[in-house]
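Could you walk me through this model in my viewer, one selection at a time? I would like to know what to click on next and what I will find there.

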Amino acid sequence: MGYGEQLSHLCRIYGVEERYWDVNGLEQEASQETKQALLLALGVAAETEEAVNKAIEHYYKASWNELCPPVLVFFEHELPARIPISFSEGQNCRWLLQTETGEEMLEGEVALETLAQLDCMDVYGTQYWRRELKLEVALTPGYYRLGLQTETKGQHVQLIVCPNRCFVS
């Protein structure tokens, strides 16, 4: 893959649009310099092929190395909440669910390899798995805090449960 294709890939994984519609309604493609500037505004260096390759490697390592995204949003009809957990080796995970006021609702421990597999990937020589923890608890609209702890790392996740619809009077 050449520099242009790698730069496009980097734009996609960071959510940078490569095409836009101008004031006349014509579709335009962003220049290489514009893509580089937008990525730089996000804190991602992309001025050389080496920098782009490093940024792609960093992105994948970081996204697979964290246990879970820091914030997950669910609608009421999507419950029970399905929590994606990433890990690189067979581990147990302790978890604690709290309300936004800190009241403990539910806790548990699970062997991660027993959960349903969502995905797996070799990231630069390290094998990662992403599996799904289902929280079998009634959650009403609001904010919750989920603490996750394995033998090697811990993380807090903000869970947001939205109502299925909102009425405006």
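Start by selecting S8, which sits in helix α1. This is a predicted model, so every stop on the tour is a feature of that prediction. Is S8 buried or exposed? Its relative accessible area is 14%, under the 20% cut-off, so S8 counts as buried. Now show what surrounds it: leaving out residues up to four places away in sequence, S8 touches E18 and K35.

**Follow K35 into the next helix**

K35 belongs to helix α2, residues 32-41. Select K35 together with Q36 and L39, and you have buried residues of this helix. Why do they end up on the same side of α2? They cover an arc of only 100 degrees around the axis, which places them on one side. There is a handy rule behind this kind of pattern: an α-helix has 3.6 residues a turn, so residues three or four places apart point the same way.

Now turn the view to the face of α2 that points away from the buried side. There you can pick out the exposed residues E33, L40 and A41. To see what lies over the buried residues, display α1 (3-14) and β2 (27-29), which are among the elements covering them. Before moving on, click G43, just after α2: this residue takes a positive phi of about 85 degrees.

**Two helices side by side**

Show α1 and α2 together. Their axes are 11 Å apart, and the helices pack at an angle of about 40 degrees. The two are therefore oblique to each other, and their crossing is left-handed. To light up the contact, select Y3, L7, S8, L10, C11 and Y14 in α1, then Q32, K35, Q36 and L39 in α2. Colour these residues by type and you will find six nonpolar, three polar and one charged. Notice that S8, our starting point, is part of this contact.

**A second partner for α1**

Keep α1 on screen and add helix α3, residues 49-65. What is the angle between the axes of α1 and α3? They cross at roughly 35 degrees and come within 10 Å. This crossing is left-handed. On the α1 side, select Y3, Q6, L7, H9, L10, I13 and Y14; on the α3 side, they meet E49, V52, N53, A55, I56, H58, Y59 and Y60. The residues of this contact divide into ten nonpolar, four polar and one charged.

**Three stops in the loops**

Go next to P80, in the loop between β3 (71-75) and β4 (81-87). Zoom in on the peptide bond from L79 to P80: it is cis, with omega near 10 degrees.

Then select E113, in the loop between β6 (104-111) and β7 (116-123). With 43% relative accessibility, E113 counts as partly exposed. Which residues does E113 contact, apart from its neighbours within four places in sequence? They are F87, G90, Q91 and R131. If your viewer has a distance tool, try it from E113 to L135: the C-alpha atoms are 17 Å apart, and the residues are 22 apart in sequence.

Finish at Y124, in the loop between β7 and β8 (126-135). Y124 is partly exposed, at 47% relative accessibility. Its phi is positive, about 50 degrees, although Y124 is not a glycine. For background on these loop stops, most residues other than glycine have a negative phi, and most peptide bonds are trans.

Terms used:
Residues are numbered from 1 along each chain as its sequence is written. This is a predicted model: local features need pLDDT of at least 70, side-chain atom pairs count only at pLDDT 80 or more; totals for chains, interfaces and linings use all residues. Side-chain values use heavy atoms; hydrogens and water are left out. Buried means under 20% relative accessible area, exposed over 50%, partly exposed in between (1.4 Å probe, protein chains only). Helices (H or I, at least four residues) and strands (E, at least two) are DSSP runs, numbered from the N terminus. The arc is that of the directions from the helix axis to the C-beta atoms. Contact means heavy atoms within 4.5 Å. Axes are lines fitted to C-alpha atoms, for helices over the stretch in contact, and angles run from 0 to 180 degrees between N-to-C directions. Angles under 35 degrees count as roughly parallel, over 145 as roughly antiparallel, 65 to 115 as roughly perpendicular and the rest as oblique. A crossing is left-handed if the near helix is turned anticlockwise from the far one by less than a right angle, and right-handed if clockwise. Ala, Val, Leu, Ile, Met, Phe, Trp, Tyr, Cys and Pro count as nonpolar, Asp, Glu, Lys and Arg as charged, and the others, Gly among them, as polar.
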